[in-house]
Amino acid sequence: MAWSAGQYVKFEDERTRPARDLLAQVPLQHVERAIDLGCGPGNSTELIVERYGAAGVSGLDSDDNMLEAARKRMPGTHFEKADLATWRPEASVDLLFANAVFQWLPNHLDILDQLMDGLKPGGVLAVQMPDNLTEQSHLMMEETGKTGPWSEAFAKKSVRRNPLPSPSVYYNRLIGKSARVDIWHTNYNHALENAAAIVEWVKGTGLRPYLDHAGAEHRDAFTAEYLKHIEKAYPPLIDGKVLLRFPRLFLVAVKK
């Protein structure tokens with residue numbers, strides 16, 4: 001199941017809020033070069049341009065659909081296709097900004113360490129990652145995988161992401177190259193219309209590998225079964241809406 005910019009931006013306000021909160025903690029007054037890593041449809045890149053101006057700001061992503069959306073959204077900004085598992089900046093930059101991308105890379109600690117080498121002295125590595133694998137939204141993906149005609153595929157191979165390391169692991173890994181490492185968690189509570197809206201949210205991100213693993217022939221049935229679990233896990237509030245609790249980890253490292 002390919003990435004879909006259209007699916008992703010169904011909840012653009014909620015998805016952009018963490019990027020805005022991360023950028024607010026970047027202690028740079030101006031930048032000559034800033035790169036949005038895993039820029040998606042350009043919503044986070046737009047924030048960087050609004051703060052620092054268009055000159056010197058670019059974005060990269062590995063997905064063609066996301067890049068197409070980003071270029072359409074911001075035709076005056078340079079976007080390029082790249083794999084963050086191997087990409088490194090060719091010249092030193094002021095800001096490397098990454099909103100909700102490194103959780104997909106199991107060896108992202110090594111990558112973050114190496115990206116520090118691509119910063120100018122005083123440059124900033126700013127990263128935000130979902131830290132929600134213990135939330136019902138994700139636990140119910142696992143539960144759904146245990147039932148139905150797709151269960152054998154999930155019994156043979158798990159698609160569950162590795163949990164994020166503790167904040168101390170990130171601190172210890174980056175402090176040697178940093179003048180300061182600031183790490184924090186924020187728990188967002190998004191009021192969504194109903195349980196089906198939660199399913200629509202995760203279809204754009206965390207549910208994708210589960211639907212892929214279930215197989216195209218089971219995608220609709222898997223989604224319907226997952227919705228049943230979500231309806232039980234997220235009872236409606238007094239106004240009929242549901243609260244999607246969403247913990248996220250933030251990291252801002254300033255290079256020595």
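This tour moves through two places in the structure, a group of salt bridges and a pair of packed helices. Keep in mind throughout that the model is predicted.

**First stop: the salt bridges around R173**

The structure holds 15 salt bridges, and a good one to begin with is the pair R173 and D110, so select these two residues and show their side chains, which meet with N and O 2.6 Å apart. R173 sits in helix α8 (residues 167–174) while D110 sits in helix α5 (residues 108–116), and the pair therefore ties together parts of the chain that are 63 residues apart in sequence. If you turn on a surface, you can look at how each partner is placed: R173 is partly exposed, with a relative accessible area of 31%, and D110 is partly exposed as well, with a value of 32%.

Keep R173 selected and add D113, which also forms a salt bridge with R173, the closest N and O atoms being 3.0 Å apart. This pair, too, links distant parts of the chain, since D113 belongs to helix α5 and R173 to helix α8, 60 residues apart. Is D113 buried or exposed? Its relative accessibility is 14%, and because buried means under 20%, D113 counts as buried.

Next, select K177, whose side chain meets that of D113 in a salt bridge with N and O 2.6 Å apart. D113 lies in helix α5 and K177 in the loop between α8 and β6, so this pair ties together parts that are 64 residues apart in sequence. K177 is partly exposed, with a relative accessible area of 28%. Now add D117 and view the group as a whole: salt bridges that share partners join D110, D113, D117, R173 and K177 into one network.

**Second stop: helices α9 and α11**

Two packed helices are described by the angle between their axes and the distance between the axes. Select helix α9 (residues 195–203) and helix α11 (residues 219–233), whose axes come within 9 Å and cross at roughly 125°. The two helices are therefore oblique to each other, and their crossing is right-handed.

To see which residues make the contact, show the side chains of A195, A196, I198, V199, V202 and K203 in α9, and then those of T223, Y226, L227, I230 and E231 in α11, which they meet. Colouring these residues by class is a useful last step, as the contact of α9 with α11 has eight nonpolar residues, one polar residue and two charged residues.

Technical notes:
Residues are numbered from 1 along each chain as its sequence is written. This is a predicted model: local features need pLDDT of at least 70, side-chain atom pairs count only at pLDDT 80 or more; totals for chains, interfaces and linings use all residues. Side-chain values use heavy atoms; hydrogens and water are left out. A salt bridge is a side-chain nitrogen of Lys or Arg within 4 Å of a carboxyl oxygen of Asp or Glu. Helices (H or I, at least four residues) and strands (E, at least two) are DSSP runs, numbered from the N terminus. Buried means under 20% relative accessible area, exposed over 50%, partly exposed in between (1.4 Å probe, protein chains only). Axes are lines fitted to C-alpha atoms, for helices over the stretch in contact, and angles run from 0 to 180 degrees between N-to-C directions. Angles under 35 degrees count as roughly parallel, over 145 as roughly antiparallel, 65 to 115 as roughly perpendicular and the rest as oblique. A crossing is left-handed if the near helix is turned anticlockwise from the far one by less than a right angle, and right-handed if clockwise. Contact means heavy atoms within 4.5 Å. Ala, Val, Leu, Ile, Met, Phe, Trp, Tyr, Cys and Pro count as nonpolar, Asp, Glu, Lys and Arg as charged, and the others, Gly among them, as polar.
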